[in-house]
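Biologist: I'd like to go through this one with you, feature by feature. Could you give me the general idea each time and then the case at hand?

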Amino acid sequence: MVETKVQSILYLNGVTKSFDGFKAINNLSLDIRPGELRAIIGPNGAGKSTMMDIITGKTKPDEGEVKFRDVIDLTKHDEAEIANMGIGRKFQKPTVIESLSVWENLELALAGHRNVFQTLFFKLDKAQIERIEEILLLIGLQERRAEQARNLSHGQKQWLEIGMLIIQDPELLLVDEPAAGMTDYETMETAKLLKSISENHSVIVVEHDMDFIRALDTKVTVLHEGSVLAEGTLDVVSSNPRVIEVYLGR
Amino acid sequence: MSRKPILQLLLTNDKASRWLFIVMGVLGVLVPILNLAVPADSAFHVPTYMVTLIGKYLCFAMLALALDLIWGYCGILSLGHGAFFALGGYAMGMYLMRQIGDRGVYGNPVLPDFMVFLNWQELPWYWYGFDNFGFALLMVFLAPGLLAFLFGWLAFRSRVTGVYLSIITQALTYALMLAFFRNDMGFGGNNGLTDFKDILGFDLQADSTRVSLFVITLLCLAGAYILCQYITRSKAGRVLISIRDAESRTRFIGYKVEHYKLFVFVVSSLIAGLAGALYVPQIGIINPSEFNPLNSIEIVIWVAIGGRGTLYGAIIGAILVNYAKTTFTSGVFAEYWLFILGALFVITTIYLPRGVVGILDGYRQKVARKKADQAAATPVPQTAGGK
Ligand SMILES: Nc1ncnc2c1ncn2[C@@H]1O[C@H](COP(=O)(O)OP(=O)(O)OP(=O)(O)O)[C@@H](O)[C@H]1O
Ligand SMILES: [Mg+2]
């Protein structure tokens with residue numbers, strides 16, 4: 001497989017993006033290795049979500065390189081193409097398809113079958129049904145499979161969206177504030193889940209919840225005003241005076 | 001997920017569709033008998049004008065169905081769907097014009113009357129082939145389909161959505177109306193195409209032809225309904241719903257939103273074109289007023305009143321509103337029809353967002369909930385999937 005030769009699953013270099021003169025992303029560089037789990041923290045407006053917008057093709061950067069698996073220039077592709085290359089995303093605001101059932105949401109996200117004529121004649125096979133069952137079990141929504149997604153609680157929507165992300169089977173997962181609105185118990189379960197996913201995927205997680213970040217027990221990048229302020233273990237970055245000043249101290 | 005064929009599914013698992021098919025079946029059997037076999041002086045006789053009137057409603061129902069497919073399921077609010085209907089109608093009208101042959105007022109064997117009147121010497125190239133029914137039928141689909149494809153390709157690729165899209169669809173039909181009004185376009189100017197004599201050699205005035213056209217329209221409506229049901233119940237249909245509810249989310253799951261929109265927009269235009277083609281021989285005329293933006297807005301009102309996003313709601317809405325229109329515009333309220341229609345639209349959008357079928361559905365759910373409460377004690381076997 002080619003995978004073994006890949007240096008960086010994701011490589012950002014000198015990326016800049018301004019909105020009406022305001023630099024939301026400012027000369028940002030980031031290097032994620034295959035199989036890595038990376039936590040990203042930083043104050044509100046630091047550019048964390050905008051960074052994900054750039055990686056997933058929603059926003060085009062003004063300058064800089066954005067490379068997937070060393071060679072693929074992500075700035076040249078649209079959202080659907082990037083998703084199909086193997087980059088999945090969970091949004092900060094949970095977005096599931098409200099008028100479809102839990103089951104149908106998962107079916108929609110299931111890997112493969114993306115073009116019109118495939119989906120027109122699509123039938124779930126046995127392996128796919130089992131896969132959906134597996135994910136339902138994982139996200140604890142077996143009992144609510146037939147429920148319209150709009151009737152789920154906030155936390156359940158978060159879980160469903162994580163389920164949709166996993167079932168896409170992407171190589172790289174971008175997870176934006178998965179624990180927002182969750183109870184402490186749910187938060188810890190989510191951290192466990194992401195850790196287990198990272199055993200065979202690359203994962204980037206953005207979160208404000210420090211207990212969650214601690215539970216991930218992994219390398220942390222601190223973003224501030226669109227660029228990297230510090231990088232290292234949670235203990236190292238949280239003793240960094242600049243980090244304390246702009247983020248943790250408040 | 002069920003592997004049953006779509007028709008079987010609709011007849012067994014879907015009450016509304018079953019009712020629709022029953023009503024259509026009854027109409028399809030009863031109307032011909034009551035028109036052709038029952039003597040004209042009998043109280044049960046259905047006069048031919050009535051057959052044609054119902055036929056017209058069915059054409060409108062098909063048009064409403066076409067709009068519901070894109071608006072109800074994919075959130076594309078076209079305010080120019082009348083254009084596809086009219087294009088299909090013109091394609092059929094051109095065939096019917098060619099069928100007149102030398103029986104026109106001027107007796108010219110090649111040129112339709114309006115061309116003789118304009119002193120034209122020869123048939124324009126784009127009229128070639130329309131003396132052949134097969135070719136005309138092809139154009140019934142090709143003309144609206146190509147326009148929809150081109151328009152959709154440009155609009156969806158540049159991600160024009162919402163109100164902006166609605167406005168340009170409206171501009172599209174308006175521009176076509178102005179073009180078709182012009183005499184030198186070669187489509188009969190503001191008089192349009194009319195004075196048709198026969199279709200495939202059958203006299204258009206004959207009762208048997210009228211009844212046949214009625215039955216064909218009914219069959220086409222049923223076919224279009226089954227097609228739309230198939231699409232909306234497939235996984236592609238769920239992608240459409242997902243685009244309607246959360247377009248950008250759908251892209252991030254990996255679906256090319258523009259391809260799905262283009263597909264469903266073209267299918268919808270084909271259904272609209274067919275509806276127009278069935279409408280013209282029954283009504284006996286097609287003119288540029290069919291492109292009038294107001295017509296397209298009316299279609300939206302039919303669907304809204306019937307209930308958007310259910311398919312059968314669109315059919316019910318089109319028939320109800322047009323029945324009301326026939327009733328009102330022939331009475332003392334004629335002048336107020338547009339006000340009545342506007343009021344109906346406002347009332348449904350505010351008080352009945354799910355339209356007439358929403359009321360029926362609400363009642364059905366109430367009954368179902370009562371039943372479910374009673375059955376709550378019985379354990380339900382686990383099955384795969386919500387559907
Ligand atoms: N499309 C846009 N147009 C204009 N400004 C934008 C746009 N997207 C983001 N911004 C601005 O860019 C900055 C970074 O926003 P971003 O959402 O990336 O922050 P964040 O780090 O995710 O913050 P939070 O922790 O609150 O989610 C903010 O000041 C925001 O207002
Ligand atoms: Mg954010």
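Modeller: Sure. Let's start with A:K17, in what is a predicted model. A residue counts as buried when its relative accessible area is under 20%; A:K17 has 13%, so it is buried.

Biologist: Which residue does the side chain of A:K17 meet in a salt bridge?

Modeller: A:D62, with N and O 3.7 Å apart. A:K17 is in strand β1 of chain A and A:D62 is in the loop between α1 and β4, so the salt bridge ties together parts 45 residues apart in sequence. A:D62 itself is partly exposed, at 45% relative accessible area.

Biologist: What about a salt bridge inside a helix?

Modeller: The general idea is that an α-helix has 3.6 residues a turn, so residues three or four places apart point the same way. Here, take A:R131 and A:E134, whose closest N and O atoms are 2.8 Å apart in a salt bridge. They sit 3 residues apart in helix α5 of chain A, which means about one helical turn between them. Both are partly exposed: A:R131 at 26% relative accessibility, and A:E134 at 45%.

Biologist: And how far apart are the closest N and O atoms of A:K219 and A:E231?

Modeller: They are 4.0 Å apart, and the pair forms a salt bridge. A:K219 belongs to strand β9 and A:E231 to strand β10 of chain A, so this one ties together parts 12 residues apart in sequence. A:K219 is partly exposed at 35% relative accessibility, and so is A:E231, with a relative accessible area of 38%. The pair also belongs to a network of salt bridges that links A:E36, A:R38, A:K219 and A:E231.

Biologist: How many salt bridges does the structure hold over all chains?

Modeller: There are 32. Of the salt bridges, 5 are found across the interface of chain A and chain B. One to look up is A:E81 with B:K256, where the closest N and O atoms are 2.9 Å apart.

Biologist: Good, let's do that interface. How do I put a size on it?

Modeller: The size of an interface is often given as the accessible area lost when the parts come together. Between chain A and chain B, about 3300 Å² is buried, and carbon and sulfur atoms give 59% of that. The contact takes 39 residues from chain A and 33 residues from chain B. There are also 19 residue pairs in polar contact between the two chains, counting pairs with both residues at pLDDT 80 or more.

Biologist: Which elements of chain A give two or more residues to the side that touches chain B?

Modeller: Those are α2, α3, α4, α5 and α6 of chain A. By class, that side of chain A has 17 nonpolar, 8 polar and 14 charged residues.

Biologist: Now a helix in chain B. Is α9 of chain B enclosed, or is it open? What should I look at?

Modeller: Look at how many of its residues are buried. In α9 of chain B, residues 235-245, 9 of the 11 residues are buried, so the helix is largely enclosed by the rest of the structure. Among the buried ones are B:K235, B:R238 and B:L240. The buried residues pack against α3 and α4 of chain A, together with α3, α8, α10 and α11 of chain B.

Biologist: Which residue caps the N-terminal end of α9 of chain B?

Modeller: B:S234 does, with a side-chain oxygen 3.2 Å from the backbone nitrogen of B:A236.

Biologist: And B:D14: buried or exposed?

Modeller: Buried, at 11% relative accessible area. B:D14 lies in the loop between α1 and α2 of chain B, where its side chain makes a polar contact of 2.9 Å with the side chain of B:S17. Leaving out residues up to four places away in sequence, B:D14 touches B:L9, B:Q229 and B:R233.

Biologist: Last one, the metal. Which protein atoms are the donors of the magnesium ion?

Modeller: A:S49 through OG and A:Q92 through OE1, lying 2.0 to 2.1 Å from the ion. The two donors link distant parts of the chain, 43 residues apart: A:S49 is in helix α1 of chain A, and A:Q92 is in the loop between β6 and α3. A:S49 is partly exposed, at 21% relative accessibility, and A:Q92 is partly exposed at 36%.

Definitions and conventions: Residues are numbered from 1 along each chain as its sequence is written. Chains are lettered from A and ligands numbered from 1 in the order in which they are written. This is a predicted model: local features need pLDDT of at least 70, side-chain atom pairs count only at pLDDT 80 or more; totals for chains, interfaces and linings use all residues. Side-chain values use heavy atoms; hydrogens and water are left out. Contact means heavy atoms within 4.5 Å. Buried area is the accessible area (1.4 Å probe) that two parts lose on being put together, summed over both. A polar contact is a pair of N or O atoms within 3.5 Å; within protein, one must be able to donate a hydrogen and the other to accept it, and residues adjacent in sequence count only if both atoms are side-chain atoms. Helices (H or I, at least four residues) and strands (E, at least two) are DSSP runs, numbered from the N terminus. Ala, Val, Leu, Ile, Met, Phe, Trp, Tyr, Cys and Pro count as nonpolar, Asp, Glu, Lys and Arg as charged, and the others, Gly among them, as polar. Donors are N, O and S atoms within 2.8 Å of the metal (3.2 Å for Na, K and Ca); water is not among the atoms, so sites may look incomplete. Buried means under 20% relative accessible area, exposed over 50%, partly exposed in between (1.4 Å probe, protein chains only).
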